[in-house]
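Colleague: Please pick one part of this model and give me a close look at it. Start with how the strands go together, then work outwards to whatever that part meets.

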Amino acid sequence: MKRILSLALVFGICFVAWLEAQITTSGYVQTYNRMRLQQNGKYTWNENRLGLVWEGNFSDRVYVYSKVRLRAFGLPVVSQTADLQRREKDRVLPWTLEFREAYVEVYDFLLPNLDLRVGRQRIAWGTGDGLNPTDNLNPDDLEDIFDFGRHFPTNALMMTYYLNDLSLQMVYIPVFTPAILPFGDWAEAFRASMPVPPYLRIRSYQDRVLLPENRLSQTSSFAAKVSGTLFSYDWSLSYYVGRDDLPILTNLTLTPSEVPPAYDVQAELVFPRFRVLGADMAGEIMGVGIWAEAALFFPDRIDGVLRIASPAGTHVQKRQVLKDEPYLKFLIGADYTFKNGWYINGQFLRGFIHERGRDELVDYLLVRLEKRAWNDALKIVPFGIALAIPDWSRYRDNFGFAGGPQISYHPVDALEVSIGAFIIEGKGDNLFSKVKQLDEGFLKVTYSF
Amino acid sequence: MIRAIGVVMILGLLLSGSLLAQDANRILSRVDSVINAPKDQKATMKMILVDKQGNQKIRQAEFMQKGSEKRLLRFTAPADQKGIAFLSLPNDVQYLYMPAFHKVRRIASHVKNTKFAGTDFTYDDLSAFSYSRDFNARLLETNDQFWVLELTPKPGVEKDYGKLKMWVRRDNYYPVKVEFYDPAGNLWKIMERRQITRVGNYWVAREMEMQDLKEQHRTIIQLDDISFDLNLPDKYFTRRYLKRGK
């Protein structure tokens with residue numbers, strides 16, 4: 001019932017928007033389908049979306065933006081007859097309504113050259129292409145592992161003051177919002193290894209995620225950034241105080257099951273506080289586009305306890321989960337378009353989204369080659385890959401890569417048809433090797449209106 | 001004596017060549033002063049992309065220019081390109097705003113000679129620019145209606161074109177046709193300006209067509225709602241304004 005009311009509300013707003021000349025409505029319809037290339041063609045991604053955007057200027061100084069997403073996602077979840085008889089039909093046709101963005105922007109607010117934006121919004125920082133160590137304001141949306149770098153908007157207050165080429169941005173986010181993690185088979189990619197002796201067999205696993213206490217001092221984050229241009233390069237310096245949106249495993253309790261030596265595990269996870277000093281730049285050297293981005297993380301120390309119960313008593317071991325020592329994530333990238341129209345983009349990244357602490361940071365090399373033809377109606381990406389190398393001295397034994405080819409075609413205006421594949425391979429213990437054998441092919445069709 | 005006459009003839013030829021070049025460069029400067037004459041201008045732009053089968057795609061954009069060096073173009077249609085905005089500033093500085101990524105990106109020079117949003121114009125073609133700043137001119141031909149100039153990039157200026165051939169109207173210095181040649185000397189693109197009318201104090205072409213002979217594709221740009229000398233503030237030609245909605 002609540003969903004039906006939500007939907008009625010959305011369409012009500014849409015109708016009013018149509019009537020209201022100052023508001024424009026736009027959006028898109030998308031179908032996204034993925035299938036495993038192994039596992040007998042398991043169908044893994046069944047998504048149909050209707051995205052709607054309303055925006056408008058109510059005066060020269062006020063701009064309003066709102067975006068919602070109606071989404072039918074997933075496969076039928078039916079285990080009993082009653083599931084087939086539900087009036088909501090949500091077990092057979094699962095769907096959700098996502099409220100993506102809704103903000104008001106006021107230009108020259110209080111002072112000339114001071115802009116205010118308040119409401120649910122996406123604030124994208126960093127010059128990197130898709131991966132941005134300094135982009136910590138909005139939580140990560142890792143639902144689709146092949147679309148890493150995606151974030152979702154959150155409630156924020158942002159003020160930007162412009163002075164010639166310089167701009168100063170201040171952001172306050174009152175509510176802590178955790179990241180969305182990959183689901184299903186992909187959850188394995190970001191699963192942290194448990195600090196338990198290897199001879200212990202785990203029978204079951206349950207965890208409890210502890211959100212920060214609902215007090216502004218615990219849930220708020222704050223950030224500031226100054227940007228400008230110097231010697232033909234764009235640069236920025238930033239500072240962020242907040243929390244990691246990915247939880248970290250702290251306390252673990254292992255209880256022997258009825259069938260020894262197997263154990264039942266209960267875990268607790270928290271969201272560590274950290275501060276981030278960031279810097280980025282973009283420009284070019286001899287016609288080659290270059291960019292760089294670095295984020296120095298200062299985490300708070302996190303301690304945890306490992307409890308292993310046995311008939312002889314409980315063994316308690318205190319452990320330091322996260323050291324309070326700084327660590328640096330960074331990215332450097334370059335791109336170039338050759339005279340024959342081929343475009344190449346390469347990035348080197350130290351420290352993926354989920355990696356924390358000096359000892360955990362892994363090196364990644366990302367390369368994408370693409371060619372546009374037929375006046376941009378056709379885009380061919382022979383390969384776009386991410387290569388993970390945790391230890392350069394053992395790269396033959398521990399490496400992983402993910403990526404593949406893609407073709408996108410625009411047969412008519414506003415219609416895009418894409419097909420492609422994600423191939424994952426690897427060896428050893430790294431992000432990609434954990435999910436190898438999950439190769440997928442996809443078809444995505446989007447029409448914008 | 002014969003040698004002296006020879007020397008005088010060679011000097012004369014060189015001098016006349018130099019005078020012709022001076023004339024050509026003077027004509028080119030006048031061309032710039034005519035096409036960039038308004039203090040500022042604003043218009044809506046319809047781009048019609050036509051492939052070799054005659055299929056059409058339409059792009060629409062808002063367009064603003066201040067002087068000869070600042071230009072902003074923001075797409076209003078089709079829906080998948082709406083909001084994409086391009087800013088061209090002095091010293092070859094260009095920015096692109098992509099709403100889907102919520103980011104303003106500086107355009108490196110390797111992109112400047114690529115097609116802009118699927119049209120037959122490059123980013124460079126659509127930048128605010130001055131011919132006389134980037135090219136040396138040579139007068140090829142004079143007839144009743146036109147001066148025909150050959151333009152070659154000045155040393156240090158990076159262009160994908162080896163040379164340009166330009167037809168300039170003698171009555172008002174308006175360039176009505178430009179042929180673009182690749183570095184090997186092959187004719188690559190032809191640009192024609194049509195519906196050249198006087199609006200207030202200024203000459204303006206309401207329609208422009210760029211034809212890519214290699215790809216057999218053409219783009220027609222039609223200008224509408226043109227207005228001049230609006231005292232557009234400098235703040236419109238900034239990154240701040242580039243990412244402003246709607």
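Modeller: B:Val50 has B:Arg218 as its bridge partner in E13(B). That pair belongs to a set of 9 bridges joining strand E1 (residues 40-50) of chain B to strand E13 (residues 217-228) of chain B, and the two strands run antiparallel. Strands count as paired when DSSP finds at least two bridges between them. The elements themselves are DSSP runs numbered from the N terminus: helices are H or I with at least four residues, strands are E with at least two.

Some ground rules before I go on: this is a predicted model, with local features needing pLDDT of at least 70 and side-chain atom pairs counting only at pLDDT 80 or more, while totals for chains, interfaces and linings use all residues. Residues are numbered from 1 along each chain as its sequence is written, chains are lettered from A and ligands numbered from 1 in the order in which they are written, and side-chain values use heavy atoms, with hydrogens and water left out.

E13(B) also pairs with strand E12 (residues 202-212) of chain B, again antiparallel, through 6 bridges. Here B:Met210 is matched with B:Thr219 in E13(B). These two strands make a hairpin with 4 residues between them, and in its turn B:Gln216 has a positive phi of about 50°. B:Gln195 has a positive phi too, near 50°, but B:Gln195 sits inside a strand, E11 (residues 187-199) of chain B. Its relative accessible area is 47%, so B:Gln195 is partly exposed (under 20% is buried, over 50% exposed, and partly exposed lies in between, with a 1.4 Å probe and protein chains only). As background, most residues other than glycine have a negative phi, and most peptide bonds are trans. On the peptide-bond side, the one from B:Ala77 to B:Pro78 is cis, with omega near 0°. B:Pro78 falls in the loop between strand E3 (70-77) and strand E4 (85-89) of chain B.

Stepping back, chain B has 5 helices and 13 strands, and buried residues make up 50% of its 246 residues. Taking contacts (heavy atoms within 4.5 Å) in chain B between residues at least 6 apart in sequence, 44% join residues at least 24 apart. For one buried loop position, look at B:Thr122, between H2 and helix H3 (123-126) of chain B. Its relative accessible area is 5%, and beyond four places in sequence, the residues B:Thr122 touches include B:Phe116, B:Tyr161 and B:Lys189.

Now for what chain B meets. The contact with chain A takes 36 residues from chain B and 51 residues from chain A. The buried area, meaning the accessible area (1.4 Å probe) that two parts lose on being put together, summed over both, is about 3100 Å², with carbon and sulfur atoms giving 40% of that. Polar contacts need N or O atoms within 3.5 Å; within protein, one must be able to donate a hydrogen and the other to accept it, and residues adjacent in sequence count only if both atoms are side-chain atoms. The rule finds 23 such residue pairs across the interface (both at pLDDT 80 or more). On the chain B side, the elements giving two or more residues are strand E2 (56-66), strand E6 (103-106), helix H2 (109-112) and helix H5 (239-242). H2(B) supplies the largest share, 4 residues. By class, that side has 9 nonpolar, 8 polar and 19 charged residues; nonpolar covers Ala, Val, Leu, Ile, Met, Phe, Trp, Tyr, Cys and Pro, charged covers Asp, Glu, Lys and Arg, and the others, Gly among them, are polar.

As for salt bridges (a side-chain nitrogen of Lys or Arg within 4 Å of a carboxyl oxygen of Asp or Glu), the rule finds 9 across this interface, while the structure holds 56 over all chains. One of the interface ones is B:Arg240 with A:Asp115, the closest N and O atoms being 2.5 Å apart. Another links B:Arg59 with A:Asp413, at 2.9 Å between the closest N and O atoms. B:Arg59 comes from strand E2 of chain B and A:Asp413 from the loop between strand E21 (399-409) and strand E22 (415-427) of chain A, so this pair joins two chains. B:Arg59 is also buried, at 5% relative accessibility.
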